[in-house]
Amino acid sequence: MAADFKILGWSVTGLRCPDHDVSFEKSANEVHKISLLQMPNGTGKTTTLKLLRAALAGPEMWNNGSEQPINFRKDNSVTDGHFILRLLYNRTKRLTIEIHFDFNDNGKFTYYTTGPNGKDEGFHPPFDLKFILKPDFVKLLIFDGELAANLLSSSHTNAQNAIETMYQLYFFNRIKERIDEHWSKEANKVGSRGSAKEFTQRKNRVEALKKRVQLVNEKKNEDALSLDNAKKQVDQLETEFQKEIQKNQEDAFQLDLAKTRLANAEQDVSTLTMLTVTLMKNPPEFSLSFSDAILALKDNLDRVKLPGIAAREFFEEIADEDNCICGREIDDEVKEVIREGAQKYLGSEEVGVLNAMKSDIKERIVDLASEEQPLKLLIDQLEEAQQAEQLARQDLDTIKELASENDPNIRAIHTKISELKKTIGRLENEVLKYDNKTDDSDTGWNLENLERRKKQAEQDLAKVTDTIELKAKRDILCRILDSAYQTARESINEGVCNEANEKIKVLMPYNHIRISSINKSIKLADKEGGSVGETLSIGYAFLSTLLSNDTQHLPSVVDSPSGPVDLKIRPEIAKLIPRLGEQFIAFTISSEREGFIEPLIKASSEDINFLTLFRKEDITQDSSAKTVLGAKESNDGILVPGKIYFETFHKDNQ
């Protein structure tokens, strides 16, 4: 199933950016291959990007709770707002996705979808696009520096998910589901060779366990996502809190000091904990009575002369000879006597263990009784360090609370952080149940246990319905599909890695950074991460490899395509952009033009669509913009087409 859609344009009214209506259409059912939308800082570029993601991915994009509809309100006088996204799919069909914001009662939103059958409430993309228009994949289509960093982060799964979505590897699971459905239907047809009651019970148990596995799997993923989102929100709010508090130098100084004290205290606790755990592996450290008992064991071994000089094998070897070491002939009767006597001696392995044990006792425990116990000292130090950590944390919380009392913005952020931390604590306790293997029942929460119980229930059902052979065939097919999925995944990942690395060589010819593998996230060879420029270049290489294929035709929307990249790399990125797909839309600011625009024009086989959007408050640009042919003016913004205006905009301010 190929995915094919383009962005024709969008319109915005009443939201946190200038009202505007932008079009990327070149002619009927055709779009410009490359469009650059220049929006200076403060114009609402971030808002527009968020609206694009929300329109393409549907209501799921709002599920993490990081954005609230009320936050998109232009100002307090506005009661509603609209974002309307116009798409072209399958070359000729048009699709409109609208988000209507109602800012009464803290704000809410409603989706509308307009397609061949008219306008319907809700998010209803056509079947051909449903597998693409999902939050994780849409985030990849709308690319920014944060996403580039996430592709390299082990806590994110964008890279692998994107590959599996693009190459539709989920079909392997769908085939397995159909095979399972076939076996279930056949089992129902055959019925039971026993009682009807037994058949019904076993069938119902299989169905119940299937539903339970699905429910637990979904709930586990949902809780993990909620926990991850809550932690991300805390990180974002902590950054905002830091920015706000920096406005007051004294508060900022006290906060940094308290953070340093807490970090040092946490390091002390971590170091002492590791030392304590290491010592706890030695039982005599717990108590002198352990030490005394082990020393007594060594003394007793010495007293009875164990392990002794000779080992059992020595006598068994003598019994195998025809003559004794003293020269006497050994007959069968004597051989048997020697072998029986050998059983009184320890084997070579036991001798080695006892000698090693006695040596360790001598080296590590003999002087322990005369020394003060290191473990006890460490535990005392650890308790003191934990108390110091607790006090440092309390001091930090106190400083934050005092700062919050003086500033409403800080207070609001601090309150949100406190609430989120409670949520994180609750979720962390909640996810523990998924690892609890002692909860082994049909209604448990451990997936490993549930899968095992489901497998046994299916086996029981197969026995009672005489479908054991059919079930065995089903299991073989499922194993083949699992193997095929794994082989396909590894092969595709390897191909993507190799092609992306070739592009990285072009982007950074004097840099040896390379992708070694893709396992959930992108793994770099011999490095954990890279600079901002390196990370963005790797992201471009991966994105262009993924999206430039013969089966999928998708747009790319990029925020600041060259912003954090130095002037040497900008021309190489510009050359790569025309290969990103059939439509490339970039949000830029004036400082990103240098070293990027001209190489991009040369690399492009078609004319580039240049657009500039700014607020009317920018009076220096108002008069000249209104004279440009095709300029569109709204209540609070001006949208100007053309390369000339694009390149001269804010030129004096650079």
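Here are three short exercises on a predicted model of one protein chain.

**Exercise 1: Get to know the chain**

Work out how many helices and strands the chain has, and what share of its residues is buried.

*Solution.* Start with the secondary structure: there are 21 helices and 17 strands. Next, turn to burial, where the cut-off is under 20% relative accessible area. Of the 654 residues in the chain, 44% are buried. For the surface, the chain exposes about 35400 Å², and carbon and sulfur atoms supply 50% of that area.

**Exercise 2: Look at contacts along the sequence**

Take the contacts with a separation of 6 or more and find what percentage joins residues 24 or more positions apart.

*Solution.* First set aside any pair with a separation below 6. Among the contacts that remain, residues 24 or more positions apart account for 71%.

**Exercise 3: Explore the cavity**

Find how many cavities of 30 Å³ or more the structure holds, then describe the lining of the largest cavity.

*Solution.* Step one is the count: the structure holds one such cavity, and the largest has a volume of about 30 Å³. Step two is the lining, made up of Phe-5, Ile-7, Leu-56, Leu-141, Ile-142, Pro-555, Ser-556 and Val-557. Step three is to place these residues on the strands. S1 (5–13) and S13 (555–559) each give at least two of them, and S13 has the largest share, with three residues. Step four is to sort the lining by residue type: seven are nonpolar, one is polar and none is charged. The polar one is Ser-556.

Notes
Residues are numbered from 1 along each chain as its sequence is written. This is a predicted model: local features need pLDDT of at least 70, side-chain atom pairs count only at pLDDT 80 or more; totals for chains, interfaces and linings use all residues. Side-chain values use heavy atoms; hydrogens and water are left out. Helices (H or I, at least four residues) and strands (E, at least two) are DSSP runs, numbered from the N terminus. Buried means under 20% relative accessible area, exposed over 50%, partly exposed in between (1.4 Å probe, protein chains only). Contact means heavy atoms within 4.5 Å. Accessible areas come from the Shrake-Rupley method with a 1.4 Å probe; for residues, only the protein chains shown count as cover. On a 1 Å grid over the protein atoms alone, a cavity is a set of points where a 1.4 Å probe fits but cannot get out, and a pocket is an open set with protein on both sides within 12 Å along at least five of seven lines; lining residues have an atom within 4 Å of a point. Grid points are joined across faces, edges and corners, and a volume is the space filled by probe spheres set on the points.
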